[in-house]
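Student: I should like to work through this structure with you, beginning with one of its helices. Please reason each answer through to the name or value requested.

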Amino acid sequence: MIYTQPDLPYAANALAPVISADTINFHYGKHEKAYIDNLNNLLVGSPFENDDLEDIIRNADNGALLNNAAQAWNHIFYFFSFSPDGGGSPSGNLANAINRDFGSFDSFQQQFEKACISLFGSGWVWLAYDSTRHLHIIQEPNAGNPLRKFLTPLLTFDVWEHAYYLDYQNRRADAIHALWDIIDWPTIQSRF
């Protein structure tokens with residue numbers, strides 16, 4: 001199976017000032033493309049050659065194939081969580097679950113940001129749910145993904161420096177806080 005990079009549903013400059021066109025062009029245009037290209041090269045002749053990305057992430061041994069599959073999937077998931085018209089807060093079942101599991105949306109945001117800021121080095125922070133539909137904030141270093149823990153991802157923030165360095169330099173906390181303004185809550189709710 002050959003994987004291709006999907007086109008973003010918004011222009012490269014549409015998320016500014018939260019994420020600049022330069023960051024979109026480097027982060028999605030170059031980093032994400034490299035993960036997909038590497039993945040396609042690694043799949044040839046592997047036991048996962050005809051598997052979908054989620055199965056590769058769940059079942060591949062640690063190594064280059066898993067890392068590139070996870071990074072390809074993680075970045076698509078991340079960039080397709082944003083909208084130029086985003087922001088606000090969730091509603092319906094997701095809002096109810098957030099209130100149940102975190103006390104309030106404000107408390108959830110604070111806990112999620114703390115998880116992002118406190119993750120040492122590079123990685124991802126996820127909102128995911130388990131088989132009982134309870135929500136969890138998961139810190140994953142490097143190319144980590146909650147699919148490997150049989151959790152269903154809803155939302156992720158990328159805390160690799162390349163995700164924010166052009167726009168925020170070393171101010172990870174500022175970059176993370178700004179992302180709430182572009183979250184596409186209808187998309188996140190549809191994942192729930």
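Student: Which residues of helix α7 are buried, and why do they line one face of the helix?

Tutor: In this predicted model, α7 spans residues 172-179, and its buried residues are Arg172, Ala175, Ile176, Ala178 and Leu179. An α-helix has 3.6 residues a turn, so residues three or four places apart point the same way. Seen down the axis of α7, the buried residues line one face because they fall within an arc of 165°.

Student: Against which elements do the buried residues of α7 pack?

Tutor: The partners of these buried residues include both helices and a strand. The strand is β3 (152-158), and the helices are α3 (64-79), α5 (105-118) and α6 (165-168).

Student: Which residues of the largest nonpolar core touch the most other members, and which element gives the largest share of this core?

Tutor: In soluble globular proteins, nonpolar side chains tend to be buried together. Here the largest nonpolar core holds 66 residues, of which Phe82, Phe108, Leu135 and Leu155 touch the most other members. The largest share of this core, 9 residues, comes from α3.

Student: Which residue of α7 does Phe82 touch?

Tutor: Leaving aside residues up to four places away in sequence, Phe82 touches Tyr10, Leu15, Ile19, Leu179, Ile182, Ile183 and Asp184. Helix α7 covers residues 172-179. The contact of Phe82 that falls in this range is Leu179.

Student: Is Asn40 buried or exposed, and which backbone oxygen does its side chain reach?

Tutor: Asn40 belongs to helix α1. Its relative accessibility is 11%, and buried means under 20%, so Asn40 counts as buried. The side chain of Asn40 reaches, at 2.8 Å, the backbone oxygen of Tyr3.

Student: Where is the cis peptide bond that leads to Pro17, and what is its omega?

Tutor: Most residues other than glycine have a negative phi, and most peptide bonds are trans. Pro17 lies in the segment before α1 (21-43). The bond from Ala16 to Pro17 is cis, with omega near 10°.

Student: Asn142 and Phe150 have positive phi values; how does each count in accessibility?

Tutor: Asn142, with phi near 55°, is in the loop between β2 (135-141) and β3. Phe150, with phi near 60°, also lies in the loop between β2 and β3. Exposed means over 50% relative accessibility, and partly exposed lies between 20% and that value. At 45% Asn142 therefore counts as partly exposed, whereas Phe150, at 67%, counts as exposed.

Definitions and conventions:
Residues are numbered from 1 along each chain as its sequence is written. This is a predicted model: local features need pLDDT of at least 70, side-chain atom pairs count only at pLDDT 80 or more; totals for chains, interfaces and linings use all residues. Side-chain values use heavy atoms; hydrogens and water are left out. Buried means under 20% relative accessible area, exposed over 50%, partly exposed in between (1.4 Å probe, protein chains only). Helices (H or I, at least four residues) and strands (E, at least two) are DSSP runs, numbered from the N terminus. The arc is that of the directions from the helix axis to the C-beta atoms. Contact means heavy atoms within 4.5 Å. A polar contact is a pair of N or O atoms within 3.5 Å; within protein, one must be able to donate a hydrogen and the other to accept it, and residues adjacent in sequence count only if both atoms are side-chain atoms. A nonpolar core is a set of buried Ala, Val, Leu, Ile, Met, Phe, Trp, Tyr and Cys residues joined through side-chain atoms within 4.5 Å.
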